[in-house]
Amino acid sequence: MYPERFMSTTRILQSKGIPDIDMNEAPTAPFVQAQAEILGQDHSYPMIAYGTMKKSAAWKLYAKSQGIPFEIANAVSEQIKRYELAVKHADEDEKDDIDIGKFISREYREIYDRSSEYLGLITSWSIAPCSSLIYDGSIREEIPRFITAWSMMK
C-alpha cells in the first residue's frame, strides 16, 4: 500500500476528507472483534454504508409518484440509459463533465428536472465491508448519534 494515497495534501486539506485505509476484509466479524479486544470496548465500531438513489431510480420513483404516463416515463428512462452508457465509457476525468441535460429531450427536460429531489434518497444500508470508526475516547459518550444508528442495525 502507498500511504500517500490516504494522507495526501489534496485529500486532507483541499477536499477536507479524512484519511482512510481500505482493508477489504471479509468476513468482517473477526476484525471487529479484534479491534474491540485491542482498543477496548467502545473505541471501535463498524461504519454504515448507505445505498442511495441514482438518476434512473430517482426518475422512476418520481414518474410513478406523479402518475407520469407510461410512454413518457419509458422514453425518459431510455434517455437516461444513453446518458449512463456515455458515462460508463468515458475516461475517468471526463465523467463529471457529461451533462444529462444533453441526453434528455427538450420536451421532457423540465419534468425530468423535477425528479432531482429524489436523488440521494437513502434506499438501503449495511455494514461497510472495510470501514471502522476508531476513536481514543468513548464513542458511546462523545459520538452518540453514531451509536444510535449502529444499535438500530443489530
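1. Let's start with a pair of charged side chains: K81 and E78 meet in a salt bridge, with 3.4 Å from N to O. Please keep in mind as you read that this is a predicted model. Both K81 and E78 belong to helix α5, which spans residues 70-89, and they sit 3 residues apart, about one turn of the helix. A helpful rule to remember here is that an α-helix has 3.6 residues a turn, so residues three or four places apart point the same way.

2. How exposed are the two partners, K81 and E78? K81 has a relative accessibility of 43%, so it counts as partly exposed. E78 comes out at 44% and is therefore partly exposed too.

3. How many salt bridges does the count come to? The count is 3. Another of them joins the side chains of K95 and E92, at 3.7 Å from N to O. Here the partners fall into separate classes: K95 is partly exposed, at 23% relative accessible area, whereas E92 is exposed, at 64%.

4. The side chains of R114 and E110 also form a salt bridge, and its N to O distance is 3.4 Å. R114 is partly exposed, with a relative accessible area of 40%. E110 reaches 57%, and because exposed means over 50%, E110 belongs in the exposed class.

5. E110 brings us to helix α6, residues 106-113, so let's look at its two faces. Which residues of α6 are buried? They are Y108, I111 and Y112. These residues cover an arc of only 100° around the axis, which means that they lie on the same side of α6.

6. Now turn to the other face of α6. The face turned away from the buried side carries the exposed residues R106 and E110. So E110, with its relative accessible area of 57%, is a residue you can follow from the salt bridge with R114 to this face of the helix.

7. What do the buried residues of α6 pack against? They pack against α4 (55-65) and α5. You have met α5 already, as the helix that holds both K81 and E78.

8. Finally, have a look at a nonpolar part of the surface. I38, L39 and I134 make a nonpolar patch of about 320 Å². One of its members, I38, is found in helix α3, residues 29-39. Is I38 buried or exposed? Its relative accessible area is 72%, so I38 is exposed.

Technical notes
Residues numbered from 1 in each chain as written. Predicted model: local features only at pLDDT ≥ 70, side-chain atom pairs only at ≥ 80, totals over all residues. Heavy atoms only, no water. Patch = residues over 30% accessible without salt bridge, like charges linked within 9 Å, V, L, I, M, F, W, Y side chains within 5 Å. Areas by Shrake-Rupley, 256 points an atom, 1.4 Å probe, with all protein chains shown as cover. Salt bridge = Lys/Arg side-chain N within 4 Å of Asp/Glu carboxyl O. Helix = DSSP H or I, 4+ residues; strand = E, 2+ residues; numbered from the N terminus. Buried < 20%, exposed > 50% of the residue type's maximum accessible area, 1.4 Å probe, protein only. Arc of directions from axis to C-beta. Contact = heavy atoms within 4.5 Å.
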